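Okay, thanks for coming, everyone. I'll put the structure up and then walk you through a few parts of it.

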Amino acid sequence: EFKGKGANVLLGPGVQVLRTAWGGRNFDYISGEDPFLGSQLAGAFVRGAQGAGVMCVVKHWAFNEQETDRYNYSAEVDERTAWELYYPPFEAAVEAGVGAVMCAFNRVNGTHSCTNSDLLKRDLKGRMGFRGFVVSDWFATPNHFDAIDHGLDMDMPGSDSILNESAVADLKPDAANEAVSRILASMYKLRLNEALSCTPPHCFWPRASYRHYQQDVELADRAIIGSIVLLKNSGGILPLHRSDGRRTIAVVGAAAHLGVNRNRTQASYPDFYSGGGSSHMALGFVTTPLDAITRRAAAEGMLVIASPSNDANLAMEAAKKADVVIAIVGASSGEFFDRPGLNMGNGAEEMIAAVAAERSTVVLLQTSGALVMPWRDRVPAIMNMFLAGEETGSAWARVLFGDSTPSGKLPIMHPATEADSIKPNNTTVKYSEGLFTSYRNPAFNASFPFGHGLSYTTFEYSTPEVVPHSACAAHVCFTLNISNTGSRTGAEVVQVYL
């Protein structure tokens with residue numbers, strides 16, 4: 001889709017390893033809270049996109065783990081924490097041949113990221129061996145001489161006049177030549193000069209072209225289904241079947257039928273399908289959960305009663321007429337601001353408590369990140385989708401009624417309370433916790449831990465055995481057999497923690 005629109009440089013993936021559950025842009029980063037997970041995903045993303053002829057710009061280098069005071073704060077980080085926790089996804093992208101790296105707004109150990117020679121020249125280009133070019137985030141370059149001399153190669157957006165003709169003429173020739181060479185090398189490596197679908201500014205028609213093809217919709221559907229995490233399923237209430245005596249379903253909650261923010265001038269406003277800010281997707285089409293569940297329930301011979309709001313009284317009235325309640329709720333966030341808290345707000349918690357006291361309630365979460373769930377013991381089932389785009393409703397319906405089996409695992413920890421996570425702060429952000437973020441911190445309690453995820457089927461593991469070093473390409477290798485011992489198809493992820 002991206003290439004078909006005439007573009008050949010993608011500003012992603014974002015690979016920050018999440019430090020704080022409050023992060024407004026956590027939804028935008030693929031690493032979750034773990035460097036190994038981030039490394040696996042970053043490398044795969046880069047190889048896949050660049051293999052299709054689209055250059056990746058991995059971001060944001062480095063320690064851009066919060067939105068609070070993001071233009072000014074200084075992340076104070078020691079080398080062990082940097083290399084063991086926050087650098088690995090960037091290293092994986094470099095090893096995969098990423099074409100460019102974007103430096104961040106924030107300072108690192110007192111110096112702006114885009115003029116920080118320790119970050120750009122010593123760590124990225126030196127120790128990691130990065131051979132592509134470094135591009136600034138938009139308006140993140142504080143001084144053109146410092147930036148180019150200290151490792152920046154391209155200033156964006158260019159209209160800021162930092163690198164105007166006279167400024168370029170004053171650059172040190174060696175620094176300027178290296179910057180130009182790196183930019184051209186990345187272009188030629190991916191042969192972007194040979195496959196132009198349009199030449200700016202004459203790109204209107206490619207950008208306006210229709211790219212919403214059925215195979216892409218099906219891919220989105222499969223991806224969402226594969227990422228849904230079944231957090232809880234007491235008594236096997238899921239999947240739903242008419243044969244279980246449940247003939248009427250109450251679908252409640254504001255996220256059940258809320259529309260999409262399509263106002264591009266208000267891109268910082270998120271919705272329950274996409275986070276806010278520069279990465280917000282103003283979807284032209286979306287299947288809402290209520291629409292999809294209503295259609296699938298009808299095929300099962302079940303009736304849906306709807307109350308698509310967080311009004312507790314209206315939800316209770318619907319619940320009284322139903323055999324089971326599906327509460328669809330969410331919490332979104334966006335660029336520029338961190339979240340004010342880790343609850344959903346807008347009456348969602350009160351509505352869940354009200355209907356859960358009336359009927360068995362299944363909670364479906366569409367969230368931009370972690371939540372505290374003080375109501376979790378009052379409901380028999382919870383599923384977490386995060387923010388999933390246009391096929392959100394279709395995926396919920398398929399998993400709710402057992403057409404597909406959930407197999408996702410949490411890439412984050414849902415903390416038991418807000419005290420079980422690190423909060424962002426202003427000006428000087430000391431990473432004094434070192435490696436002890438998320439599940440690595442023994443003082444933090446989880447309502448649902450990192451890596452958690454249930455299934456509609458069951459699995460049996462054999463006793464793991466250590467593979468001899470001569471046959472192991474990693475530091476340590478294990479082998480074991482895993483069997484599906486249930487009555488449904490399913491997928492499992494074997495996890496080892498050392």
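Let's start with helix α1, and with who is hidden there: Pro35, Gly38, Ser39, Ala42, Gly43, Val46, Ala49 and Gln50 are buried. Those residues cover an arc of only 150° around the axis, so they end up on the same side of α1. One caveat before I go on: this is a predicted model.

Why would buried residues line up like that? An α-helix has 3.6 residues a turn, so residues three or four places apart point the same way.

If you turn to the other side of α1, you find Phe36, Arg47 and Gly51 exposed. As for what sits over the buried residues of α1, the cover includes β2 (55-61), α2 (79-86) and α3 (88-95).

The length works out too. α1 has 17 residues, 35-51, and at 1.5 Å a residue it should span 24 Å; the end C-alpha atoms are 24 Å apart, so that agrees.

Now the ends. Asp34 caps the N-terminal end of α1, with a side-chain oxygen 3.0 Å from the backbone nitrogen of Phe36. After α1 comes Gly53, and its phi is positive, near 90°.

Next, strand β7, residues 133-136. Which of its residues are buried? Phe133 and Val135 on one side, and Val134 and Ser136 on the other, are all buried, so both faces of β7 are covered. β7 pairs with strand β4, residues 100-103, in the parallel sense over 4 bridges. In that pairing, Met102 stands opposite Val135.

Phe133 also brings us to an arginine. Arg182 sits in helix α7, residues 173-189, and among the residues Arg182 touches are Phe133, Phe130, Lys125 and Asp153, leaving aside residues up to four places away in sequence. Is Arg182 buried or exposed? With a relative accessible area of 14%, Arg182 is buried, since buried means under 20%. There is a polar partner for the side chain: one of its polar atoms lies 3.0 Å from the backbone oxygen of Phe130.

Moving on to the sheet. Here 6 strands form an open sheet in the order β8-β13-β12-β11-β9-β10, with mixed pairing. β8 (229-233) and β10 (303-307) stand at the edges with a single partner strand each, so one side of each has no neighbour in the sheet. From one strand to the next, the twist averages 15°.

Inside that sheet, β11 (residues 324-331) and β12 (residues 361-367) run parallel and are joined by 7 bridges. One place to look is Val325, which stands opposite Thr361 in β12. Packed on the sheet is α13, which touches β11, β12 and β13 (381-384), and its direction makes about 150° with that of β12.

Keep α13 in view, please, for the last helix. In α9, the buried residues are Val217, Asp221, Ile224 and Ile225. Their arc is only 100° around the axis, so they too sit on the same side of α9. And α13 (392-400) is part of what covers those buried residues of α9. On the other side of α9, Gln215 and Arg222 are exposed.

A length check here as well: α9 has 14 residues, 214-227, and should span 20 Å at 1.5 Å a residue; its end C-alpha atoms are 20 Å apart, which agrees.

So if you take one thing back to the bench, make it α13: α13 packs on the sheet, and α13 is also among what covers the buried residues of α9. That's me done, thanks.

How values were computed. Residues numbered from 1 in each chain as written. Predicted model: local features only at pLDDT ≥ 70, side-chain atom pairs only at ≥ 80, totals over all residues. Heavy atoms only, no water. Helix = DSSP H or I, 4+ residues; strand = E, 2+ residues; numbered from the N terminus. Expected span 1.5 Å × (residues − 1). Buried < 20%, exposed > 50% of the residue type's maximum accessible area, 1.4 Å probe, protein only. Arc of directions from axis to C-beta. Contact = heavy atoms within 4.5 Å. Polar contact = N/O pair within 3.5 Å; in protein donor to acceptor, adjacent residues only side chain to side chain. Pairing = 2+ DSSP bridges. Axes fitted to C-alpha atoms, helices over the stretch in contact; angles between N-to-C directions.
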